[in-house]
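Visitor: I am new to this one and would love a close look at a single part. Could you show me the model and then help me find my way around?

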Amino acid sequence: MIELLGLLNTSYRTVAAEMDSWFAPFPAGAAWNVFSDYCIGDEKKANDAFAFAIVLNHDTDQRP
């Protein structure tokens, strides 16, 4: 886990710039949902895995 923190620290500026660019077209006050899943230290799996999804908040499931 400590190695992950070093990697995040090193890559933070690039990730932050890419996210700023990606979010630029959306209104500043838009509400977002962030979903995450991870598997760390499972000896049955070949690698540790982290997954994140960021989606606009919707007031109903019918709206895009």
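In which element of the protein chain is confidence lowest, and in which is confidence highest?

Guide: Happy to help! This is a predicted model, and confidence is lowest in helix α1, residues 2-23, where the mean pLDDT is 83. Confidence is highest in strand β1, residues 32-39, with a mean of 90. For the protein chain as a whole, the mean pLDDT is 84, and 91% of the residues reach 70 or more.

Now let us place helix α1 in its setting. The protein chain has one helix and two strands, and, read from the N terminus, these elements follow the order α-β-β.

Next, step back to the overall form. The radius of gyration of the protein chain is 16 Å, whereas a compact globule of 64 residues would have one near 11 Å. Along the principal axes, the C-alpha atoms fill a box of roughly 40 × 30 × 15 Å. Among contacts with a separation of 6 or more, 28% join residues 24 or more positions apart.

The surface adds to this picture. How much of the protein chain counts as buried? The share is 0% of the 64 residues. About 6,000 Å² of the protein chain is exposed, and carbon and sulfur atoms supply 58% of that area.

Finally, look at the charges. The protein chain carries 9 negative side chains and 4 positive ones, and the centres of these two sets lie 2 Å apart.

Terms used:
Residues numbered from 1 in each chain as written. Predicted model: local features only at pLDDT ≥ 70, side-chain atom pairs only at ≥ 80, totals over all residues. Heavy atoms only, no water. Helix = DSSP H or I, 4+ residues; strand = E, 2+ residues; numbered from the N terminus. Rg over C-alpha atoms; globule rule 2.2 N^0.38 Å. Buried < 20%, exposed > 50% of the residue type's maximum accessible area, 1.4 Å probe, protein only. Contact = heavy atoms within 4.5 Å. Areas by Shrake-Rupley, 256 points an atom, 1.4 Å probe, with all protein chains shown as cover. Lys, Arg positive; Asp, Glu negative; His and termini not counted. Charge placed at Lys NZ, Arg CZ, Asp CG, Glu CD. pLDDT = per-residue confidence, 0-100.
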